[in-house]
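Here are three short exercises to work through with the structure open beside you. Try each task before reading its solution.

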Amino acid sequence: MSEGLPEGWARVKLGDILLGIEAGKSFTCEPRPANFDEWGVIKVSAMTWGTFKEDENKALPSHREPDPRYEIRPGDILVSRANTEAYVGAPVLVGECRRRLLLSDKSLRLKPASNIDPRWLVYALASPTVRRQISAKSTGAQESMRNISQSALADVELLLPPAVEQKRIVEAVEDHLSRLDAAETAVVADQRRAVMLAKRIIISAVPLPAPEHWQVVTVAEGGAVDLGRQRHPDWHTGDSMRPYLRVANVFEDRIDVDDVMEMHFPDELFERFRLRIGDILLNEGQSPEYLGRPAMYRGLPRDVAFTNSLLRFRANDGVDPEWALLVFRRHMHARRFVEEVRITTNIAHLSAGRFKSVEFPIPPIHEQLQIVASTKELLSGVDRLAAALAKARQRAVHLRQALLEAALKGQLAKQNPSDECARELLEKIETEQRGTSLSRRGARRSPVLAPRKPSGQSAGFQEELPL
């Protein structure tokens, strides 16, 4: 065995083992998925997550005549030509899928030679070594969208095992992945349970109807409610620029200070909207499940105001701010705030007036402190569980990558000296490539790009003009 190369394997370029790459086509589509009897064009998201998602498509207008050469079929290997850097060139093997789905201009279809196992090729393309190559060869100034050309993709290096060993590798990979998938499914289910457990703890901490010895008032009677200052373009500059918080900064029991904006606040106006430690901020406008999402201002960032996308609650004497925060978290998870909303497009709004009328239970102060302390202790346990589950999922990601890397390097399945070596396999592929090129010769148009004779160099793909 040569250094770094398993016995019987060969170092090749991707183009050396393909009969061609088929480029998709640009279509003007309707902004909805295609019905079953309509033609659809796949979106990038259909290829991004490792499994082909046929529902991720847009309907082709009925007056457009589809070209059946671009139709996707079971067994196709697709890669995203344009995507984020993390997912550009991501491969997917199409299993059972509906008819009348077309390649888009952001998708490519690989046509492996007949002696190349498609499943092995997809696993090889998904391995970290190959993914790093694709990322390095992709172009584009914007990190949000990168592109990989057909010639650059064909130039990616692989280690090619004998044909029969490809099948042994696939069997080993899928055996390991089935176990890993089962473990990951269990972890995801446990994560969902942890989220639901946290919600139950919060809702149970503030029972409604309340115990008889508790006082139940309205929010307005429990503290002062104010709406923040409205933003205006005229206040984007000025002599008194001050930081302010908005919806994007306020999460449940957490204020994000990474993206705090500034606005012109004259001194007297700033004092009106300035936050004090213990103030509770709630989202005034959000998607319904996050409406009224509350967090306490605990002093950071310093000297900060808030805008009218937020409501501020400042507790009266006899109301612990931590208790108020717990009450509002309870109302959010119990969807109490949703009962008071008005909806504009997809955003629900909780007006200050309706918020003030929501019930606000007040136990004796010593009981407030006791409930807050015990609830925090229970939630900290759930947080530790959630952190452990998140680490388990991250380990699963690393294990998956390590598994594919081992498969690509020949460390997952045993080599057999009696196997037909990869060099002999390459000779058969070369013959098949020549036959494919001859069969296409004379054709006026074809979406298929045929590679040159394998030579250890790039297969020499050239971009094809749009049809």
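Two strands pair if DSSP finds at least two bridges between them; strands (E, at least two residues) and helices (H or I, at least four) are DSSP runs, numbered from the N terminus. This is a predicted model, where local features need pLDDT of at least 70, side-chain atom pairs count only at pLDDT 80 or more, and totals for chains, interfaces and linings use all residues. Residues are numbered from 1 along each chain as its sequence is written, and side-chain values use heavy atoms, leaving out hydrogens and water.

**Exercise 1.** Find how strand S14 is joined to S21.

*Solution.* Start with S14, residues 241–245: 2 bridges join this strand to S21, and the two run parallel. Next, pick out leucine 245, whose bridge partner in S21 is phenylalanine 306. Finally, place both strands in their open sheet of 3 strands, with order S17-S14-S21 and mixed pairing. S17 (261–264) and S21 (305–306) each have a single partner strand, so one side of each lacks a neighbour in the sheet.

**Exercise 2.** Work out which strands are the edges of the sheet S4-S3-S8.

*Solution.* This open sheet has 3 strands and mixed pairing. Its edges are S4 (57–59) and S8 (101–102), each pairing on one side only. Then look at S3 (residues 40–42), which runs parallel to S8 and is joined to S8 by 2 bridges. Glycine 40 stands opposite leucine 101 in S8.

**Exercise 3.** Locate aspartate 320 and list its contacts (heavy atoms within 4.5 Å) beyond four places in sequence.

*Solution.* First, go to the loop between strand S22 (310–315) and helix H8 (321–333), where aspartate 320 lies. Then list the contacts of aspartate 320: Ile365, Gln368, Leu369 and Val372.
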